[in-house]
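The following paragraphs offer a guided reading of the model displayed below. The account moves from terms and overall dimensions to a pocket and then to individual residues.

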Amino acid sequence: GYIGAICFTCYKKGVIAMYMIKAKSDATACLERFLRYVHSTGYSVKEIRADSDAVYKDEDFVETAAQFNATVTYSAPYTPTENCVSERTWGVIMPMVRAKLDTAGLPIAFYDFGIMATVHELNRIYRGGFYDCVPLSAIVNDLKPDISHFRTFGCPAYVHIPKHRRLKMQHTAFKGIFVGYSTDTRGYLIWNPVTCRLITTKHVRFDETFDGLGVQDLSRCLN
């Protein structure tokens with residue numbers, strides 16, 4: 001159970017780094033992961049703009065930023081216009097997440113999958129306006145991202161069952177639900193509504209002709 005997410009957005013290129021958190025105290029660990037990732041790409045962070053939530057003013061959070069030579073500045077309380085990049089980013093992400101869940105008929109408990117899938121896609125498609133670029137290509141040597149692996153969120157997914165996991169007369173595949181992209185492999189995230197388990201696989205076929213699955217009863221998986 002995640003309680004929310006922490007989002008880092010590059011002011012110049014619009015690259016989004018998203019981390020799901022189980023407690024607000026996870027913010028410092030997420031910041032360190034983010035800063036280490038940025039440095040691994042050859043870039044650095046000079047300033048982190050945050051709202052006035054106490055978690056961002058925590059001593060550990062500020063010290064972690066300082067270790068990477070970054071300063072933390074804050075917007076005034078209840079003044080989102082002073083943190084417009086972050087506010088606009090969430091304003092783009094959340095409507096897309098709601099649309100994903102509504103189309104697939106998935107309950108709100110799957111919002112974390114919707115958020116991560118949306119961020120994966122936004123980082124690889126053209127962002128107009130102020131950014132005027134494809135975020136990932138702007139920081140990875142102008143490499144054009146491959147989006148041929150994009151799939152319709154929530155669509156039926158038929159996952160191959162290896163021979164060593166079934167008997168000869170058993171089904172060779174099971175029907176699952178596509179809920180996102182793996183962050184550490186080139187596989188897909190598939191939810192099995194029968195076993196209530198998430199798997200990562202590339203051996204899957206998608207039915208993207210569906211016109212919405214209707215409201216799915218997954219209550220047994222959410223207890």
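A residue is called buried when its relative accessible area is under 20%, exposed when that area is over 50%, and partly exposed in between, with a 1.4 Å probe and protein chains only. By this criterion Asp-132 is exposed, because its relative accessible area is 51%. The model is predicted, so that local features need pLDDT of at least 70 and side-chain atom pairs count only at pLDDT 80 or more, whereas totals for chains, interfaces and linings use all residues. Residues are numbered from 1 along each chain as its sequence is written, and side-chain values use heavy atoms, with hydrogens and water left out.

The overall architecture comes first. The protein contains 7 helices and 9 strands; these are DSSP runs numbered from the N terminus, with helices being H or I of at least four residues and strands being E of at least two. Along the principal axes, the C-alpha atoms occupy a box of roughly 60 × 40 × 35 Å. Of the 223 residues, 42% are buried. A contact is defined by heavy atoms within 4.5 Å. Among contacts between residues at least 6 apart in sequence, 54% link residues at least 24 apart.

The surface can be described in similar terms. Its accessible area is about 13,600 Å², and carbon and sulfur atoms account for 53% of it; such areas come from the Shrake-Rupley method with a 1.4 Å probe, and for residues only the protein chains shown count as cover. There are 26 positive and 22 negative side chains, and the centres of these two sets are 11 Å apart. In this tally Lys and Arg are positive, Asp and Glu are negative, and His and the chain ends are not counted. Each charge is placed at NZ of Lys, CZ of Arg, CG of Asp or CD of Glu.

Attention now turns to the pocket. Rolling a probe the size of a water molecule over the atoms shows where empty space is left. A pocket is an open set of points, on a 1 Å grid over the protein atoms alone, where a 1.4 Å probe fits and protein lies on both sides within 12 Å along at least five of seven lines; lining residues have an atom within 4 Å of a point. The largest pocket has a volume of about 1,500 Å³, the volume being the space filled by probe spheres set on points that are joined across faces, edges and corners. It is lined by 42 residues, of which His-120, Arg-124, Ser-182, Thr-183 and Asp-184 are the closest to its centre. Elements that give two or more residues to this lining include strand 2 (16-21), helix 1 (27-40), helix 6 (135-139) and strand 6 (173-181). Helix 5 provides the largest share, 6 residues.

His-120 itself belongs to helix 5. Why does His-120 count as buried? His-120 counts as buried because its relative accessibility is 15%. Beyond residues up to four places away in sequence, His-120 touches His-149, Phe-150 and Tyr-181. By contrast with these contacts, Glu-82 is 38 residues from His-120 in sequence and 26 Å from it, C-alpha to C-alpha.

Another buried position is Phe-153, in the loop between helix 6 and strand 5 (156-160). Phe-153 counts as buried because its relative accessibility is 5%. Outside the residues up to four places away in sequence, the neighbours touched by Phe-153 include Lys-100, Leu-101, Phe-113, Phe-178 and Phe-210. Although Phe-178 is 25 residues from Phe-153 along the chain, their C-alpha atoms are separated by 5.9 Å.

The loops on either side of helix 4 (84-104) complete the picture. Asn-83 and Tyr-78 both occupy the loop between strand 4 (71-74) and helix 4. Asn-83 is buried, because its relative accessible area is 8%, and with neighbours within four places in sequence set aside, Asn-83 contacts Arg-49, Ala-50, Asp-51 and Ser-75. Tyr-78 is exposed, because its relative accessible area is 84%. Tyr-78 also has a positive phi of about 55° although it is not a glycine. Asp-132, in the loop between helix 5 and helix 6, likewise has a positive phi, near 50°. In the loop between helix 4 and helix 5 lies Ile-108, which is exposed because its relative accessible area is 70%.
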